[in-house]
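Let's take a walk through a protein model together. Keep the picture in view while you read, and look up each residue as it comes along.

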Amino acid sequence: ITAVVWTLGDAVGTQNATASVNGATNSPIVFSATATDEDTPGPVTIQVLGGGTTGANRFDPDEITVAVGTTVNWEWADGATSHNVVPDDGVTPAPSGAPANGRTTYHFTFNTIGTFLYHCQVHGASGMTGVVNVVSNVP
């Protein structure tokens with residue numbers, strides 16, 4: 001077990017850090033972070049839950065309001081099974097792909113003002129839905 005604090009440099013854009021352990025499974029692993037200027041909204045995270053010990057299938061929170069230009073990160077919890085992000089209108093946010101199991105992450109940047117509804121392809125009929133409201137400025 002280890003811990004580290006990673007401070008991004010002054011350069012705007014994606015920065016990578018690599019961690020490795022000799023002989024370890026899945027080593028090395030690369031971590032990515034995106035440095036933005038102060039005028040760019042920071043990312044917002046939605047947890048993708050359901051299956052195993054994560055309880056009922058759901059997005060948490062299921063509705064958010066963000067400023068235009070914000071990146072939303074959907075993060076599947078450990079034990080979450082067979083989930084994805086599918087736009088109700090077929091366009092926004094772009095589909096995350098086939099249903100996936102936990103420890104998965106999907107990112108989408110909302111560059112248009114509006115209300116965007118999405119669901120899980122497998123569990124949407126049982127209420128696994130979400131809304132992203134994109135506004136010019138978050139109050």
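A residue counts as buried when its relative accessible area is under 20%, and as exposed when that area is over 50%. With that in hand, take Phe 108 and Phe 110: both are buried. Keep in mind that this is a predicted model.

**The overall picture**

What kinds of elements does the protein chain have? It has ten strands and zero helices, so to speak a run of β after β when you read along the sequence. Of the 139 residues in the chain, 29% count as buried. The surface that the chain exposes comes to about 8,400 Å², and carbon and sulfur atoms supply 52% of it. Contacts also reach across the sequence: if you take those between residues at least 6 apart, 56% of them join residues at least 24 apart.

**A sheet of four strands**

Now find the open sheet with the strand order 4-3-6-8, which has mixed pairing. Strand 4 (58-60) and strand 8 are at its edges with a single partner strand each, so each has one side without a neighbour in the sheet. On average, neighbouring strands here are turned by 25° against each other, direction ignored.

How do the strands pair? Strands of a sheet pair through backbone hydrogen bonds, in either a parallel or an antiparallel way. Strand 3 and strand 6 are parallel, with five bridges, and Val 48 sits opposite Trp 76 in strand 6. Strand 6 (residues 70-76) and strand 8 run antiparallel and are joined by six bridges. Thr 71 has Thr 109 of strand 8 opposite it.

Strand 8 (residues 105-110) is a nice one to trace with your finger. In a regular strand, side chains alternate between the two faces of the sheet. Here Tyr 106, Phe 108 and Phe 110 point to one face and are buried, while Thr 105, His 107 and Thr 109 point to the other and are not.

**The core**

Which residues have the most contacts inside the largest nonpolar core? They are Phe 59, Trp 74, Phe 110 and Val 132, in a core of 19 residues. Strands 3, 5, 6, 8, 9 and 10 each supply at least two residues of this core. Leaving out residues up to four places away in sequence, Val 132 touches Ile 64, Val 66, Trp 74, Phe 110, Gly 114, Thr 115, Phe 116 and Tyr 118.

Next look at Asn 133, which belongs to strand 10 (residues 129-135). Is Asn 133 buried or exposed? Its relative accessibility is 13%, so Asn 133 counts as buried. Beyond its neighbours within four places in sequence, Asn 133 is in contact with residues including Glu 63, Ile 64 and Gly 114.

**Rings**

The whole structure holds six aromatic pairs. Here are two of them:

| Ring pair | Distance between centres | Angle between planes | Type |
|---|---|---|---|
| Phe 59 and Tyr 118 | 4.8 Å | 70° | edge-to-face |
| Phe 108 and Phe 110 | 4.8 Å | 75° | edge-to-face |

Why is the pair of Phe 59 and Tyr 118 edge-to-face? Planes over 60 degrees apart count as edge-to-face, and these planes are at 70°, so the pair fits. Phe 59 lies in strand 4 and Tyr 118 in strand 9, so to say distant parts of the chain, 59 residues apart. Phe 59 is buried at 3% relative accessibility, and Tyr 118 is buried at 0%. Finally, ring pairs link Phe 59, Trp 74, Tyr 106, Phe 108, Phe 110, Phe 116 and Tyr 118 into a cluster.

Methods
Residues numbered from 1 in each chain as written. Predicted model: local features only at pLDDT ≥ 70, side-chain atom pairs only at ≥ 80, totals over all residues. Heavy atoms only, no water. Buried < 20%, exposed > 50% of the residue type's maximum accessible area, 1.4 Å probe, protein only. Contact = heavy atoms within 4.5 Å. Areas by Shrake-Rupley, 256 points an atom, 1.4 Å probe, with all protein chains shown as cover. Pairing = 2+ DSSP bridges. Core = buried A, V, L, I, M, F, W, Y, C linked by side-chain atoms within 4.5 Å. Axes fitted to C-alpha atoms, helices over the stretch in contact; angles between N-to-C directions. Phe/Tyr/Trp six-rings, centres within 6.5 Å; stacked < 30°, edge-to-face > 60°.
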